[in-house]
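Welcome! Look over the sequence and the 3D view, then try each exercise before you read its solution.

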Amino acid sequence: MESALPYRPRCIHLTCKSMQVWGEDFENDPEYQAGMVEFSCTVTMQGSGPDGGHTCVEMCSNPERPCFREY
């Protein structure tokens, strides 16, 4: 039996096509798994957040980031 992954908060402003189509199951999108997904911030509408940092699941899961708002 597989163990569930621990809860990992991410910023509510992080988005990508996989999230819009697949919802919370976005990590099972074949494009996401192939690394072909471009993340963006809904605040800046760009590939960087309001703090100028890159947008990706890893960076946008850091609660110490000044623009982080938990999803």
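## Warm-up

Asp51 is found in the segment after S2. You will meet this residue again below. The model is a predicted one, where local features need pLDDT of at least 70, side-chain atom pairs count only at pLDDT 80 or more, and totals for chains, interfaces and linings use all residues. Residues are numbered from 1 along each chain as its sequence is written, and side-chain values use heavy atoms, with hydrogens and water left out.

## Exercise 1: the outline of the chain

**Task.** Describe the helices and strands of the chain and the order in which they come.

**Solution.**
- Step 1. Start with the elements: the chain has 2 helices and 2 strands. Helices (H or I, at least four residues) and strands (E, at least two) are DSSP runs, numbered from the N terminus.
- Step 2. Now read along the sequence, and you find the pattern β-α-α-β.

## Exercise 2: size and surface

**Task.** Compare the radius of gyration of the chain with that of a compact globule, then describe its box and its surface.

**Solution.**
- Step 1. The radius of gyration is taken over C-alpha atoms, and the globule rule is 2.2 Å times the number of residues to the power 0.38.
- Step 2. For 71 residues, a compact globule would have a value near 11 Å; the chain has 12 Å, which agrees.
- Step 3. Along the principal axes, the C-alpha atoms fill a box of roughly 40 × 25 × 15 Å.
- Step 4. The accessible surface of the chain comes to about 5100 Å², and 54% of it belongs to carbon and sulfur atoms. Such areas come from the Shrake-Rupley method with a 1.4 Å probe; for residues, only the protein chains shown count as cover.
- Step 5. Of the 71 residues, 32% are buried. Buried means under 20% relative accessible area, exposed over 50%, and partly exposed in between (1.4 Å probe, protein chains only).
- Step 6. Look at contacts too, meaning heavy atoms within 4.5 Å. Among those with a separation of 6 or more, residues 24 or more positions apart account for 43%.

## Exercise 3: charges and salt bridges

**Task.** How many salt bridges does the structure hold, and which residues form them?

**Solution.**
- Step 1. Begin with the charges: the chain has 5 positive and 11 negative side chains, and the centres of the two sets lie 6 Å apart. Lys and Arg count as positive and Asp and Glu as negative, while His and the chain ends are not counted. The place of a charge is taken as NZ of Lys, CZ of Arg, CG of Asp or CD of Glu.
- Step 2. Side chains of opposite charge can pair when their charged atoms come close.
- Step 3. The structure holds 2 salt bridges. Each is a side-chain nitrogen of Lys or Arg within 4 Å of a carboxyl oxygen of Asp or Glu.
- Step 4. One joins Glu24 to Arg10, with the closest N and O atoms 2.7 Å apart. This pair links distant parts of the chain: Glu24 sits in the loop between helix H1 (17–22) and helix H2 (30–33), Arg10 in the segment before strand S1 (14–15), 14 residues apart. Arg10 counts as buried because its relative accessibility is 12%.
- Step 5. Arg65 and Asp51 also meet in a salt bridge, at 2.8 Å from N to O. Both lie in the segment after strand S2 (40–41), so the pair ties together parts that are 14 residues apart in sequence.

## Exercise 4: Arg65 and Asp51 up close

**Task.** Is Arg65 buried or exposed, and which residues does Asp51 contact beyond its sequence neighbours?

**Solution.**
- Step 1. Arg65 is buried, because its relative accessibility is 9%. Asp51, at 35%, is partly exposed.
- Step 2. Leave aside neighbours within four places in sequence. Arg65 is then in contact with Gly49, Asp51, Gly53, His54, Met59 and Cys60.
- Step 3. On the same basis, Asp51 is in contact with Arg65, Pro66 and Cys67.
- Step 4. Asp51 and Pro66 are 15 residues apart in sequence, and their C-alpha atoms are 6.9 Å apart in space.

## Exercise 5: three more residues after S2

**Task.** Describe the surroundings of Ser61, Thr44 and Met45.

**Solution.**
- Step 1. Ser61 lies in the segment after S2 and is buried, with a relative accessible area of 11%. Not counting residues up to four places away in sequence, Ser61 touches Arg8, Pro9, Arg10 and Phe68.
- Step 2. Thr44 is in the segment after S2 and is partly exposed at 25% relative accessibility. Beyond four places in sequence, Thr44 touches Gly49 and Pro50.
- Step 3. Met45 is exposed, at 64% relative accessibility. Although Met45 is not a glycine, it has a positive phi of about 60 degrees.
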